[in-house]
Each structure stands twice: as C-alpha cells, then as structure tokens.
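Colleague: Could you walk me through one part of this model, the metal site and the strands around it? I'd like a close look.

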Amino acid sequence: MIDDAAGVEFSHQVEPNVEESPNMGASRFFKMLNSAQNPLWHRCEYSELSETSSPDNKIPLDYYRAKKLVSGLGLTSQKINCCVNGCMLYYKADKEMTECKFCKEPHYKKRVGKKGKKKIPHKTMHYLPLIPRLQRL
Ligand SMILES: [Zn+2]
C-alpha cells in the first residue's frame, strides 16, 4: 500500500541462500577439526591429531633429561675455546692463556661492571672425540 502511495516500486526480492565456500583459513580449520574426529583406524580411540603414546611410557619429559640419557653412551662433545680470528685453540697447556699468542686478541669478552662473574670466551667450538665413536662401531 505504501508502495502504491509513493508511486515507486520497491523490489523485495531476497537473494536465495547461496552457500559460499569458506576461505582458505577456515577450510584449513575445518580440515583440522575433521582430523581430530577421525580415528587412526577402525575402533581406535586415538584420532589423527591425538597423542598415540601410552601414559606409562618411558620417553624423557624434556630435552635436558634426553641429553642426560644419551650422555650415558659416552659420546659427548667437548667444548674448546678458540681465538676470535681462528689462530689457535685454548686447549691443554694453552687453556689458561688470556690472549692469543699469534694475534694478541683477548681470550675472553670484556664485561664492564660485572666482577666475579663467569668469563665468556669470544669463540668456542665443539669437538667430537673420534676414539669413543670408533670404539662404539
Ligand atoms: Zn688469534
């Protein structure tokens, strides 16, 4: 009736419900939800995304414990300080030197205002002793 009085024809057509496909982020999320629902195999209580280890397993809880366990094999590395320019290693008899005997660069970093703290070398390397590894073979 209002349309007739105004003399204007309004269209009241409503677009039919058109299902849009979800965007890429939503698609990944729905795919992940499906993976969380799908069992690994028929009648399995674990899904594709769940933890499959049993609760009474012996897997180390963190990196520190795993490293400690592996160190029992005797295949540890040795940390050796070296000159910042690569001239020499501070190893065996030279371990306590305060500067490089070739380029005179200091062994340790200067730490202003931090007396009594641990000395930090400019450069270190990790040495993997060969003999224990060969003995393991
Ligand atoms: Zn040097």
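Modeller: Sure, terms first: strands here are DSSP runs of E at least two residues long, numbered from the N terminus, and two strands pair if DSSP finds at least two bridges between them. Keep in mind that this is a predicted model, where local features need pLDDT of at least 70, side-chain atom pairs count only at pLDDT 80 or more, and totals for chains, interfaces and linings use all residues. Numbering starts from 1 along each chain as its sequence is written, and side-chain values use heavy atoms, with hydrogens and water left out.

Now the strands. Strand 1 (residues 78-82) pairs antiparallel with strand 3 (residues 123-127) through five bridges, and Lys-79 has His-126 of strand 3 as its bridge partner. Strand 1 also runs antiparallel to strand 2 (residues 89-90), joined by two bridges; there, Asn-81 sits opposite Tyr-90. Those two strands make a hairpin with six residues in between, and Gly-86 in the turn has a positive phi of about 80 degrees.

On to the metal. The SG atoms of Cys-83, Cys-87, Cys-100 and Cys-103 coordinate the zinc ion at 2.2 to 2.6 Å (donors are N, O and S atoms within 2.8 Å of the metal, or 3.2 Å for Na, K and Ca; water is not among the atoms, so sites may look incomplete). Along the chain, the donors are spaced C-x3-C-x12-C-x2-C. Cys-83, in the loop between strand 1 and strand 2, and Cys-103, in the loop between strand 2 and strand 3, are 20 residues apart, so the pair links distant parts of the chain. Cys-83 is buried, at 1% relative accessible area, while Cys-103 is partly exposed at 27% (buried is under 20%, exposed over 50%, partly exposed in between, with a 1.4 Å probe and protein chains only).

Conventions
Helices (H or I, at least four residues) and strands (E, at least two) are DSSP runs, numbered from the N terminus.
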